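Colleague: Thanks for making time for this one. Could you walk me through the model, beginning with what you mean by a patch?

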Amino acid sequence: MTGSQSSTADDSRVDSVCCSFCLKDKDSVAKLVAGLGVYICNECVELCSLIIAEDPAPRVGGWDEQPDDALLANLGRLQAVVSQVDAALHNHVGMLRDRGVSWTRVGEALGVSKQAAWERFSGED
């Protein structure tokens, strides 16, 4: 998938796929659109459309207003988002390395040393 492309998430992906914004899982929303390691649901797209159109958006409660149990329930979903982004990073680095891009350039793009990039993404111990 390239920078401007996106597709609807399908069941062949990880079962824990969720919206990267509201953290609702794929079974809780009508549509889930995939980007580069992130996903957005139809509900968040609608909210974004309202914001962009400068229409008053419905109030969404902040994290500090959530009960402890709701925050705890979101931990697993947040971890799933981290896993999705990590998988996307590994895929991108793999594509770059397949194209002959050096570890130095990969590290610079990530803001780390070439050694740190190699240690994280090479798959070698």
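Modeller: Happy to! A patch is built from residues with over 30% relative accessible area and no salt bridge, and nonpolar side chains are joined when they lie within 5 Å. Please keep in mind that this is a predicted model.

Colleague: With that in hand, which residues form a nonpolar patch on the surface?

Modeller: The patch has about 290 Å² of accessible area in total. One of its residues lies in helix H2, and that residue, Leu72, has a relative accessible area of 55%. Exposed means over 50%, so Leu72 counts as exposed. The patch consists of Leu72, Leu75 and Leu78.

Colleague: Nice. What pattern does the protein chain follow along the sequence?

Modeller: There are 4 helices and 3 strands in the protein chain. Read along the sequence, they give the pattern β-β-β-α-α-α-α.

Colleague: Turning inward, which element gives the most to the largest nonpolar core?

Modeller: That core has 9 residues, including Val17, Cys19, Val29 and Cys44. Two elements give two or more residues to this core: strand E2 (32-34) and strand E3 (39-41). The most, 3 residues, comes from E3.

Colleague: And how many residues are in the other core, apart from it?

Modeller: Among the members of this other core are Trp103, Val106, Ala117 and Phe121. Trp103 and Val106 are also buried residues of helix H3. The core's count is 6 residues.

Colleague: Let's stay with H3, then. Why do its buried residues line one face of the helix?

Modeller: Helix H3 covers residues 103-110, and its buried residues are Trp103, Val106 and Gly107. An α-helix has 3.6 residues a turn, so residues three or four places apart point the same way. Seen down the axis of H3, the buried residues line one face because they fall within an arc of 95 degrees.

Colleague: What do the buried residues of H3 pack against, and which exposed residues sit on the face turned away?

Modeller: On the buried side, the partners are helix H2 (68-98) and helix H4 (114-121). The face turned away carries the exposed residues Arg105, Glu108 and Ala109.

Colleague: One last thing: what share of the 125 residues in the protein chain is buried?

Modeller: Buried means under 20% relative accessible area. The accessible surface of the protein chain comes to about 8700 Å², with 53% of that surface belonging to carbon and sulfur atoms. Of the 125 residues, the buried share is 22%.

Note on methods. Residues numbered from 1 in each chain as written. Predicted model: local features only at pLDDT ≥ 70, side-chain atom pairs only at ≥ 80, totals over all residues. Heavy atoms only, no water. Core = buried A, V, L, I, M, F, W, Y, C linked by side-chain atoms within 4.5 Å. Buried < 20%, exposed > 50% of the residue type's maximum accessible area, 1.4 Å probe, protein only. Arc of directions from axis to C-beta. Contact = heavy atoms within 4.5 Å. Patch = residues over 30% accessible without salt bridge, like charges linked within 9 Å, V, L, I, M, F, W, Y side chains within 5 Å. Areas by Shrake-Rupley, 256 points an atom, 1.4 Å probe, with all protein chains shown as cover. Salt bridge = Lys/Arg side-chain N within 4 Å of Asp/Glu carboxyl O.
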